[in-house]
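Colleague: Please take one part of this model and go through it closely. I would like a connected account that a first-year student can follow.

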Amino acid sequence: MLARVTSAAVLGIDAYLVDVETDIANGLPTFATVGLPHGAVKEGRERVNAAIQNSGRLFPLKRITVNLAPADVRKEGSAFDLPIALGVLGATEQADVSGLAGWVVLGELGLDGDIRPVRGALSMALVAQAAGCAGLILPAANVREAAVVEGLDVRGAASLAEVMGHLDGGPPLARIQVDVGALFAERLTGDVDFAEVKGQAHAKRALEVAAAGSHNILMVGPPGSGKTMLARRLPSILPAMSLAEALETTKIHSVAGLLPVGESLIATRPFRAPHHTISDAGLIGGGSYPRPGEVSLAHHGVLFLDELPEFRRNVLEVLRQPMEDGAVTLSRAATTLSFPARFMLAAAMNPCPCGFHGDAVRACVCGETAVRRYLARVSGPLLDRIDLHLEVPAVRYRELADDTCSEPSAAIRERVGRARQVQQERFAARRGVHANAHMSPRDLRACCRLTDGADARLRTAIVRLGLSARAYHRTLKIARTIADLAGAASIEPAHVSEAIQYRTLDRDRPAA
C-alpha cells in the first residue's frame, strides 16, 4: 500500500515542502530511501524501526520504499523521521493518516519513540503558512518557535505514541499560541547599559551617530580604555527590532542550530564577537553544504571584531563584499546559496603592538617600523568601508571615581529612533535602503544637500587630507546622520566638521 505525508526541508535559511511517499510491497525485507537523501536521512530508517516497535506497533518485514519529492533537491537533517514513521504506519493500516491531509509533519525520533527538536522549525512554519497548509505538527521543544507564525495551527508532540493517539481519536495534541507583543516587551531591557560607562563622552557620541545611521565603526585606543565595554553596549541603543527583522534573524539562528531550546523568537539585536582565530569559512559561512557564518548570525545586529589586526588578512578581506552588499553568496559544487548579512561592524584595535603609541602617560616601546607594520595588517580598502574611525583615550581617574550616573541607553535609543524614523521616511521609495549607511552615490546626490558653507568646508578637507572617493562618500553619509540627529533638513558646516573628526585614520595612518 501507499501512504503520503507532507513534510518540509531547509535550503539555506528558507524551507520548501516535501512529499514523503511510503510504499510497502511484498518481497525481501528492505528499506530504501530515495530522493537525494543525505546521511542523516538515510540513517533515519534505523531510528524509525526502533521507534515504531518501542511504541507498541509492528514494523513490517516487507519491501519498504520511501520517496522524498521533489527528488532532484538534496535532503538533509533528521526532521523526516516522524513523517516516514507515520507513512509506514499508514501504509500498513496501523494508523489513519488521512487526517494529516494539508498538515506538515516533522520531527526527529529517538529509539524509544520520543520526538526530539530539529533545526529550521521557523522556516518550515513560514513555508507552511505561505502554502496555505492547515497546520503543523512538530516536536514539543520547537513548538513555541513555530507558533510565532500567525494564522497557522501549531501542535507539539513529545512522542510518536502521542501522535498516533491523536490520529486514532485519542487525546488531541494541544494547540500552542504565542503572544509576540509580550516577547518584545520582555526583551526591551538588556543586561548592559551606557549608564555604566564612565567618561568617554566623545566615544559615546560617536557610537550614537553610528547607531543612528547604521554606520560601521572602528575604535582605536590603549588597552583598558573601554573599547570592548562600549561595543557591547552598542545594541542597547539600536532601535527595537521589527517583527519582520526578528523573524529573519530567528530563521538564521534556527537553521544554524543556535536557537536555545524552548526559545520562540530573537527579539533583541544580536551581538556576535568571534575570536580572532576564526577562519574565513567560520566568518562568512561555508562547508560542502553551506551553513551561515558569523556575519549572517549578526544580521540586523552587531558584529564585533576585537583586536582587529590579529585576525588573519584573508579573513578580514572576505568581509568586504558582505559589508557592501548586505548578503553573502556561497557557491559550491552541489549548490549555490545566499545568506543575508546586513550587520553593523564594530571593531577595536590598539594603536601599536604594545598599545601605547601616542599615550600621554605611558611611553610606547615600539619603533616606527613596527607601528607601520601593525597598522598595515588592516588593508586600506577595508578601512574605507568603515565609516567612523574613533580614538578612545584612557579614562582619567577622576572620571572613574565620579559617582554621577551617565546618560542611560534608553535616552540615547530614543534619539536614535527618531533619526531612524526620518531615514525610513526618506528612503520609503528606495528598495534595499533603510539607513544612511546604505545609500548609493545616486542617493547621496538626492538626499545630502549641503549649504554653501558646508560644501566649502568639505572641499577644503578633501583637498588637505587627500581622502579617497569612498572616504568622501562616507563623510557625506556621516554628516547626513549627524544632521538627522539634529533635526536639520540640510547639512550644515558644523555637521561636516564633526563628520571629518570621525575619519581619524585617513589623516594619521602611516604608509605601509
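Modeller: What follows is a look at one sheet, with strand E10 as the starting point.

This is a predicted model, in which local features need pLDDT of at least 70 and side-chain atom pairs count only at pLDDT 80 or more, while totals for chains, interfaces and linings use all residues. Residues are numbered from 1 along each chain as its sequence is written, and side-chain values use heavy atoms, with hydrogens and water left out.

Strands (E, at least two residues) and helices (H or I, at least four) are DSSP runs, numbered from the N terminus. Two strands pair if DSSP finds at least two bridges between them. The open sheet has five strands in the order E11-E14-E17-E10-E18, with parallel pairing. Its edge strands are E11 (271-272) and E18, each of which pairs on one side only.

Strand E10 covers residues 217-220. Four bridges link E10 to E17 (residues 344-349), and the two run parallel; here Leu-218 is opposite Ala-347. E10 also has four bridges to E18 (residues 388-391), again parallel, with Ile-217 opposite Leu-388.

Both faces of E10 are covered. Ile-217 and Met-219 on one side are buried, as are Leu-218 and Val-220 on the other. Buried means under 20% relative accessible area, exposed means over 50%, and partly exposed lies in between (1.4 Å probe, protein chains only).

At the E11 edge, two bridges join E11 to E14 (residues 302-305), and these strands run parallel. Phe-271 has Val-302 in E14 as its bridge partner.
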